[in-house]
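Visitor: I have a structure to look at and some questions about how its parts fit together. Could you walk me through it?

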Amino acid sequence: GSKTVGFEVAEQLGWRLPDAVVSPVASGSLLTKVDKAFREFAGLGLVADTPYQVFGAQATGCSPVAQAFRAGHDVIRPVKPDTIAKSLAIGNPADGIYVLDICRRSGGAVEDVSDDEVRAGILLLASNEGIFTETAGGTTVSVLKKLVETGQLDPTKETVVINTGMG
């Protein structure tokens, strides 16, 4: 199922890959499977094998992968979740180490945002795009904003933001 998201992104972009993708990270499976889909399509020649960056998004109250990324660690230290982003609140993400590998390999990053920023992301998406998301979407939108503001993501790049839930 998660790999299908990557296939659909490539198809909806006219059989090409985006320059960057920002994905919410709970267990890490969605992000890893989107990357797998991109690599499989490129390997089959269905899309051009172009470089893309992968970014992960977590809420600060449950951000073990973002913490490991920032610290340069290769292992994930489990945490006890304390965030409004309940759909992302997995304190010991099974695919966290793979998220680290993919984000590093692609020149991306894993970032986190506070619960206040999650709320602001929900409002930003609703007011600008008319999309009512739940907290995972608010997290991802706010991480996108943070990535651009900190210079980690070039705003001129074609970027796909994965929104996994409705409000």
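The questions below go through helices, a buried threonine and the cysteines.

Visitor: Is this model predicted or experimental, and which word fits?
Guide: Side-chain atom pairs count only at pLDDT 80 or more. Local features need pLDDT of at least 70. The word that fits this model is predicted.

Visitor: Which residues of helix 3 are buried?
Guide: Helix 3 spans residues 64-71. Buried means under 20% relative accessible area. By that cut-off, the buried residues of helix 3 are Pro64, Val65, Ala66, Ala68 and Phe69.

Visitor: What do the buried residues of helix 3 pack against?
Guide: Helix 3 itself is followed by Gly72, with a positive phi near 75°. Its buried residues pack against two strands and a helix. Those partners are strand 2 (53-59), strand 3 (109-113) and helix 4 (96-106).

Visitor: Are helix 2 and helix 4 oblique or roughly parallel?
Guide: The axes of helix 2 (residues 29-43) and helix 4 come within 9 Å. They cross at roughly 50°. Angles under 35 degrees count as roughly parallel, and 65 to 115 as roughly perpendicular. The crossing angle therefore makes helix 2, relative to helix 4, oblique.

Visitor: Which residues of helix 4 make the contact with helix 2?
Guide: Helix 2 passes helix 4 in a left-handed crossing. From helix 2, the contact uses Leu31, Thr32, Asp35 and Arg39. From helix 4, it uses Tyr98, Val99, Ile102, Cys103 and Arg105.

Visitor: By class, how many residues in the contact of helix 2 with helix 4 are nonpolar?
Guide: One residue in this contact is polar. Three are charged. The nonpolar count is five.

Visitor: Is Thr139 buried or exposed?
Guide: Thr139 is found in helix 6 (residues 135-149). Leaving aside its neighbours within four places in sequence, Thr139 is in contact with Ala57, Gln58, Ala59, Ala85, Leu88, Val113 and Val118. Its relative accessible area is 0%, so Thr139 is buried.

Visitor: How many disulfides are there?
Guide: A disulfide needs two cysteine sulfur atoms within 2.5 Å. For Cys62, the nearest cysteine sulfur is that of Cys103, 16 Å away, and Cys62 is in no disulfide. Cys103 is in no disulfide either. The count of disulfides is zero.

Visitor: What is the relative accessible area of Cys103?
Guide: Cys62 is buried, with a relative accessible area of 1%. Cys103 is buried too. For Cys103 the value is 0%.

Conventions
Residues are numbered from 1 along each chain as its sequence is written. Side-chain values use heavy atoms; hydrogens and water are left out. Helices (H or I, at least four residues) and strands (E, at least two) are DSSP runs, numbered from the N terminus. Buried means under 20% relative accessible area, exposed over 50%, partly exposed in between (1.4 Å probe, protein chains only). Contact means heavy atoms within 4.5 Å. Axes are lines fitted to C-alpha atoms, for helices over the stretch in contact, and angles run from 0 to 180 degrees between N-to-C directions. Angles under 35 degrees count as roughly parallel, over 145 as roughly antiparallel, 65 to 115 as roughly perpendicular and the rest as oblique. A crossing is left-handed if the near helix is turned anticlockwise from the far one by less than a right angle, and right-handed if clockwise. Ala, Val, Leu, Ile, Met, Phe, Trp, Tyr, Cys and Pro count as nonpolar, Asp, Glu, Lys and Arg as charged, and the others, Gly among them, as polar.
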